[in-house]
Amino acid sequence: MIKAGHIFKKNILGLTSLNIVFPTGCAYEKPGQRGISHLMEHLITKSVDKYMDRFTNDCIDFNASTSQNYVVVYFRGLEDKLTTDFKQELVKALLNDYVNITKEEFENEKKIVMQELLDSYEDPNDGHYTNLIYNYFDVHDPTGIPADIDAFTYEQMLQTAKDFYTKPLRIIEVGKTRSDFSDIEFLNTMPEPVTLKFKDRKQEIMPVADSEKVNVFVFSKLPVIKTEYPNAFIGMQMLCDGLNSPFCQEIREKRGLSYYVMGDIHLVTKNGILVMNACTDEEHAQELVDLFKDMCKNVTKYLTRERYEIIINQIKTMFRMKKCLRWKNVGDLINMEMPNLEEWINDGKIQYERVVGVIQKYFYEMEIITK
C-alpha cells in the first residue's frame with residue numbers, strides 16, 4: 001500500500017524540516033523524456049526563488065534533488081523562522097506557480113541542465129559508469145540524454161508541470177507543530193518503473209573525457225530483486241565499506257592497486273543493479289581485473305562473520321544517530337516504497353547465512369568491464 005499524504009513526526013529540538021515528494025524520478029522516463037524530471041526539478045523550484053532573501057536571512061536550507069524514483073524539494077530551519085504558515089505558503093507556491101515561468105527562464109534553465117550533463121562526463125569514472133548502466137540495463141542517470149532535453153519545449157513543460165507536479169505523493173514534516181495541508185490533493189498511485197534486464201549493446205550517451213587511469217567495473221547480470229535488497233546491501237557493506245573491509249585491504253593495503261574500491265546497489269523501485277568499481281594504472285589493470293574475478297568466484301572468504309557483526313553494529317549506531325537529527329534525516333520516509341533496512345534488522349530478517357547466500361547468488365554471474 002502506497003503511503004500518500006501528509007506525514008508528521010514530532011521533534012522538540014526547535015528545528016523543523018519539510019520534504020515535498022513527487023514520484024517522477026528518471027526510472028519512469030520513456031525514450032524522448034530522459035532527463036526531463038531533473039529539468040522539471042530545476043524549473044518548479046523557481047516558484048520559490050522570490051523567497052531567497054528570506055531563506056538567506058533566516059538560515060533556511062532549501063534545495064531539491066532528482067533520483068531514480070523521486071523528485072524531492074526540501075526546506076530546513078528553525079521553527080520560529082520556518083513557521084507553519086510559511087510552510088503552507090511555500091507548498092502552495094511550489095504546486096501552483098509554474099505558470100509564472102517565462103520562456104526566457106525556461107530556455108536558460110535548459111542550458112544550465114545541459115551544462116551539468118556535460119560537466120558530469122569530465123569525470124571519467126562517472127561518465128563510464130553512466131554509459132555502462134545505460135548499455136547493460138537501459139537505465140539512464142537523472143541528468144538524462146542531451147537530445148531529449150534539447151527537444152523539450154516550453155509548452156510541454158507547462159503541461160508536464162500541470163500533470164505531474166501539482167499533486168505530490170507525500171509531504172513529510174518534522175517539528176514541534178503540525179502544519180495544515182488538508183487542502184492539498186495527493187497522488188495515491190505510483191507510475192510503472194523501467195524493468196531491469198541485462199543486455200549487451202554498444203552505445204554511449206556521450207563520449208567520456210580521456211584518463212591515464214583504467215577503470216574496472218563489475219556488474220551483476222542478475223538484477224537484485226526488491227525482497228533481497230536489504231541482505232544484498234549488508235553484503236556490499238561487508239565487502240566495500242571502510243578501509244578495514246577485507247577486500248579493500250586486499251586491493252589497497254596489500255597490493256597497492258587502487259586508492260579505493262566502491263560498491264553499491266543502484267536501486268530502482270522494483271529492483272536494482274549491483275555494481276563495484278576501482279581504478280588503477282595501465283600496468284596493473286590486469287591484476288585488478290584478475291582480483292575482481294577471483295573475488296566473484298570466492299566471495300565468501302571476504303564475508304566473515306566478524307565482518308558481518310561489525311557492519312550490523314555500525315548500521316544500528318547510524319540508526320540511533322539519525323533519530324537524534326530526525327528533523328533532517330527523513331530518507332526512510334521519502335523512500336517508503338523501498339524495503340526498510342532498520343525494520344529488517346530489528347525483526348531478525350537479516351541473518352549472516354542469508355547475507356552470504358544472497359551475495360553468492362548475485363556474484364555467480366558478473367560482467368567485468370575495463371574502461
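Biologist: In this predicted model, which ring does the charged end of Arg54 sit over, and how far is it from the centre?

Modeller: Look at the charged end of Arg54 and then at Phe86. That charged end sits over the ring of Phe86. Its distance from the ring centre is 3.6 Å.

Biologist: Which residue has its charged end over the ring of Trp344?

Modeller: Here the charge lies 5.3 Å from the centre of the Trp344 ring. A lysine supplies the charged end, and that residue is Lys349.

Biologist: Now to rings that pair with rings. How many aromatic pairs does a search of the whole structure find?

Modeller: A pair of aromatic rings is described by the distance of the centres and the angle of the planes. Searching the whole structure gives a total of 19 aromatic pairs.

Biologist: What kind of aromatic pair do Phe247 and Tyr302 form?

Modeller: Their centres are 5.1 Å apart. Their planes make an angle of 70°. Planes over 60 degrees apart count as edge-to-face, so the pair of Phe247 and Tyr302 is edge-to-face.

Biologist: How many residues apart are Phe247 and Tyr302?

Modeller: Phe247 belongs to helix α9, residues 246-254. Tyr302 is in the loop between α10 and α11. The pair links distant parts of the chain, and the separation is 55 residues.

Biologist: Is Tyr302 buried or exposed?

Modeller: Buried means under 20% relative accessible area. The value for Tyr302 is 4%, so Tyr302 counts as buried.

Biologist: And what is the relative accessible area of its partner, Phe247?

Modeller: Phe247 is buried too. Its relative accessible area is 0%.

Biologist: Which residues do ring pairs link into a cluster?

Modeller: The cluster contains both Tyr and Phe residues. Ring pairs join them together. The members are Tyr129, Tyr136, Phe137, Phe198, Phe217 and Phe219.

Biologist: Let us turn to the strands. Why is strand β5 described as largely enclosed by the rest of the structure?

Modeller: Strand β5 covers residues 170-175. Arg170, Ile172 and Val174 point one way, while Ile171, Glu173 and Gly175 point the other way. β5 is largely enclosed because the number of its residues that are buried is 6 of the 6.

Biologist: Which strand pairs with β5 in the parallel sense?

Modeller: The parallel pairing has 6 bridges. One of the bridges has Gly5 and Arg170 as partners. The strand that pairs with β5 in this sense covers residues 5-10 and is β1.

Biologist: Which strand runs antiparallel to β5?

Modeller: In this pairing, 5 bridges join the two strands. Val21 stands opposite Arg170 in β5. The antiparallel strand covers residues 15-22 and is β2.

Biologist: How far apart are the C-alpha atoms of Lys9 and Trp327?

Modeller: Lys9 lies in strand β1. Lys9 and Trp327 are 318 residues apart along the chain. In space, their C-alpha atoms are separated by 8.3 Å.

Biologist: Which residues is Lys9 in contact with, leaving aside neighbours within four places in sequence?

Modeller: Lys9 is partly exposed, at 36% relative accessible area. Its contacts, with those neighbours left aside, are Glu173, Val174, Gly175 and Leu333.

Biologist: Is Asn11 buried or exposed?

Modeller: Asn11 is in the loop between β1 and β2. Its contacts include Arg326 and Trp327. Its relative accessibility is 8%, so Asn11 counts as buried.

Biologist: How far apart in space are Gly263 and Arg305, C-alpha to C-alpha?

Modeller: Gly263 is found in strand β8. Gly263 and Arg305 are 42 residues apart in sequence. Their distance in space, C-alpha to C-alpha, is 19 Å.

Biologist: Last, the pockets. What is the volume of the largest pocket?

Modeller: Rolling a probe the size of a water molecule over the atoms shows where empty space is left. The largest pocket is lined by 43 residues. Tyr229, Leu267, Gly331, Asn335 and Met338 lie nearest its centre. Its volume is about 1,400 Å³.

Biologist: Which element gives the most to the lining of the largest pocket?

Modeller: Several elements each supply at least two residues of the lining, including β3, β4, α5 and α8. The element that gives the most supplies 6 residues, and that element is α11.

Technical notes
Residues are numbered from 1 along each chain as its sequence is written. This is a predicted model: local features need pLDDT of at least 70, side-chain atom pairs count only at pLDDT 80 or more; totals for chains, interfaces and linings use all residues. Side-chain values use heavy atoms; hydrogens and water are left out. Buried means under 20% relative accessible area, exposed over 50%, partly exposed in between (1.4 Å probe, protein chains only). Helices (H or I, at least four residues) and strands (E, at least two) are DSSP runs, numbered from the N terminus. Two strands pair if DSSP finds at least two bridges between them. Rings of Phe, Tyr and Trp (its six-membered ring) pair if their centres lie within 6.5 Å; planes under 30 degrees apart count as stacked, over 60 as edge-to-face and the rest as tilted. A charge sits over a ring if NZ of Lys or CZ of Arg is within 6 Å of the ring centre and within 35 degrees of the ring normal. On a 1 Å grid over the protein atoms alone, a cavity is a set of points where a 1.4 Å probe fits but cannot get out, and a pocket is an open set with protein on both sides within 12 Å along at least five of seven lines; lining residues have an atom within 4 Å of a point. Grid points are joined across faces, edges and corners, and a volume is the space filled by probe spheres set on the points. Contact means heavy atoms within 4.5 Å.
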